[in-house]
Structures are given as structure tokens and as C-alpha cells.
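Here's a walk through a model you may want to keep open on screen while you read. Let's start at the DNA and work outwards.

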Amino acid sequence: MEKNFNNNYILPNNFYPINKFKNYLNTGIVRNYRKGDSVVSPGEIIDSVIYVISGKLGITFLTEEGKKRMMFHADAGTFVDRLFQSDDCLVHVVSEEDSIVCFFSKDQLLEMLQQDKEVLCEFITSYASKCGYFMHEAKEMALYNPSVRVLRLLYRLCLTKGELVNNTYEINIKLSQKAISEITGVHYVTVCKIFQNLRERNILRKTSNKIIIFELKKLKDLIDQEQGILNY
DNA sequence: CCATTAATATATA
DNA sequence: TATATATTAATGG
């Protein structure tokens, strides 16, 4: 297991995978969903852990005004906990791709964790990775203003996933402005303006599947100023 | 779908 | 009260 695994969960998906659950699929209930299918309706109580065998689930919650907000995505190997959560918000789980999932009840889960120490370790590690993501999220929201949050996300992505290619950093990642908006809580129009601004300053450029950073130091400087960067 | 732009409204320091 | 951010709506790739 890598050291520091807990620090590398920047995006709300690909949390630490629990591969050993695959050995116990026969003890749970396996179901197939098509893209767009609802897996758990808002308010529905299923008292299970939903393990994603393949595909991807999207977990959103409804605001009081009835608007949806993304919480995280559960990729293959990760899970959605609908067992230990205290439910004071309306969570909606939707299949974002054709997916195969396995429902484990509390008894089935506890049995696995008791039988197999490695499963226990993976489960805790996976939960910790998700917990770490949301703790970071809470800290960002509390300490930084919207545009700085976007800059910080880009900076962190560069440090962790950036590759130095002839004097520029390339982050090979498919990340839409809308996704960045969901992660940072910054309105998507504002995200668009931020990228426009960064492009004009020749600090970085984003394409649909790549972010190229020309001036990492300038990016850092903007973050350290702790101000908004949009001036019109 | 996703990104851009403008016009307008809120929010915040 | 100036600046930052959100909202809405229209438009284009």
C-alpha cells in the first residue's frame, strides 16, 4: 500500500478501490442498471452498501430549493454507503453508465469484514480516502474564495498529476468546466471566465482532455494573492 | 452536450 | 460602494 494515499484524492471519484469485495459477490445481490437508471431514489432506505462492479454511479443530493448538487461519483471498485449514513439530506443515486453493482446488507458486510482482514483494511482505507476528500472540500469552502478554489484545484492537479514536457506542465485528464464547477462549488460561468482570464495571461490553457500550464509560478502567485482574478 | 458571452442581480469586504 | 461572484438567457461549437 502506498504511503500518503490519503492525500491523492483530489477528484470526487476513483476513491481507493476495494478489489477483494469481488470474492464475495455471491453473498450479496447483484443487479444491472442502464445508463440513466435510478439506483436509489431520494428518501429511499435500502440499508445496504452498494458496491460498483463495473460502470459508474453518480451520487447527488437535492437542495431545499429542489436543485441537484453532485456529491461524488462511485467508479468501479468503490462503493456507496446507504447503511451507516444518517440521512438528513435527500440523496439520489443514478447510474451514469451501464453498471453492474452488488448490494451488501449489514449482516453480509459485517460477515465479510470479520472473515477477511484484508477486506476490512480495504474497506476502511476506501472510506478514509473518501472522508479525506470531503474534509479537504470543507476546508476549501471555509478558507478560500471561489476563484482561488479553482486555482488551487488546478495547482494541486499540476503537482500531483502534471508531467513536465518541454518546460510546461501537462495534466492529462478529462475534466469539463462543469465538473470543476461541481467540485469547487463555483458557478460554471465563473469557471469559464477564470479559464478565459488564465488563457489571456498565458498562464495555462485547457482543452477537453488536457490542461497545459505554462507558468506554474504565476499560478501560485495568484493563489497567494488570495484575491479574485476577474477584472472587467 | 459543453463552452462562451452579455446583461443583470446579489453578495461581500 | 467597488469588486467578486451568481444568475439567466441566448448562442455557437
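## Where protein meets DNA

A side-chain N or O atom of arginine 199 sits 3.3 Å from a phosphate oxygen of DNA strand B. Bear in mind that this is a predicted model, so every distance here is computed from predicted coordinates.

Arginine 199 has company. Glutamine 177 brings a polar side-chain atom to 2.4 Å from a phosphate oxygen of DNA strand B, and glutamine 196 does likewise at 2.9 Å. Two helices, H4 (177-184) and H5 (188-200), are the elements that each give two or more residues to the surface near DNA strand B. Helix H5 gives the most, with four residues.

Here are the three phosphate contacts side by side.

| Residue | Partner | Distance |
|---|---|---|
| Glutamine 177 | phosphate oxygen of DNA strand B | 2.4 Å |
| Glutamine 196 | phosphate oxygen of DNA strand B | 2.9 Å |
| Arginine 199 | phosphate oxygen of DNA strand B | 3.3 Å |

Which residues surround DNA strand B? They are Ser176, Gln177, Lys178, Val189, Cys192, Gln196, Arg199 and Lys206. Of the DNA strand B atoms that come within 4 Å of the protein, 77% belong to sugar and phosphate. Sorted by class, the surface near DNA strand B has three charged, three polar and two nonpolar residues.

## The helices behind the DNA surface

Now for how H4 and H5 sit against each other. Their axes are 9 Å apart and the helices pack at an angle of about 115°, which means H4 is roughly perpendicular to H5. The crossing of H4 and H5 is right-handed. From H4, the contact takes in Gln177, Ile180 and Ser181, while H5 supplies Tyr188, Val191, Cys192 and Phe195. Five of the residues in this contact of H4 with H5 are nonpolar, two are polar and none is charged.

Two names from the DNA list turn up again here: Gln177 and Cys192 are both part of the H4 and H5 contact, and both also surround DNA strand B.

Step back one helix and you get to H3 (residues 146-161). H3 and H4 have axes 10 Å apart and pack at about 110°, so H3 is roughly perpendicular to H4. This crossing of H3 and H4 is right-handed. Arg149, Val150 and Leu153 of H3 make the contact with Ile180, Ile183 and Thr184 of H4. By class, the contact of H3 with H4 holds four nonpolar residues, one polar and one charged. Ile180 is worth a second look in the viewer: it is in the contact of H4 with H3 and also in the contact of H4 with H5.

One more helix back is H2 (residues 117-143). The axes of H2 and H3 come within 10 Å and cross at roughly 140°, so H2 is oblique to H3. His136, Lys139, Glu140 and Met141 in H2 meet Arg149, Arg152 and Arg156 in H3. What classes of residue make up the contact of H2 with H3? Five are charged, one is polar and one is nonpolar. Arg149 appears in the contact of H3 with H2 and in the contact of H3 with H4.

## Over to the strands

Away from the helices, look at lysine 56, which is found in strand S4 (residues 56-62). Leaving out residues up to four places away in sequence, lysine 56 touches Asn13, His73, Ala74, Asp75, Val94, Ser95, Glu96, Glu97 and Ser99. Lysine 56 and threonine 78 are 22 residues apart in sequence, with their C-alpha atoms 9.2 Å apart.

Valine 94, one of the residues touched by lysine 56, lies in strand S7 (residues 91-95). With the residues up to four places away in sequence again left out, valine 94 touches Gly36, Asp37, Ser38, Val39, Lys56, Leu57 and Gly58. Asparagine 19 is 75 residues from valine 94 in sequence, and 22 Å from it C-alpha to C-alpha.

## Two asparagines with positive phi

Finally, a couple of backbone oddities. Asparagine 14 isn't a glycine, yet has a positive phi of about 50°; you'll find asparagine 14 in the segment before strand S1 (29-33). Asparagine 167 also has a positive phi, near 75°, and belongs to the loop between strand S9 (163-165) and strand S10 (168-171).

Note on methods
Residues numbered from 1 in each chain as written. Chains lettered and ligands numbered in written order. Predicted model: local features only at pLDDT ≥ 70, side-chain atom pairs only at ≥ 80, totals over all residues. Heavy atoms only, no water. Near = heavy atom within 4 Å. Polar contact = N/O pair within 3.5 Å; in protein donor to acceptor, adjacent residues only side chain to side chain. Nonpolar A, V, L, I, M, F, W, Y, C, P; charged D, E, K, R; others polar. Axes fitted to C-alpha atoms, helices over the stretch in contact; angles between N-to-C directions. Parallel < 35°, antiparallel > 145°, perpendicular 65-115°, else oblique. Left-handed = near helix turned anticlockwise from the far one by under 90°. Contact = heavy atoms within 4.5 Å.
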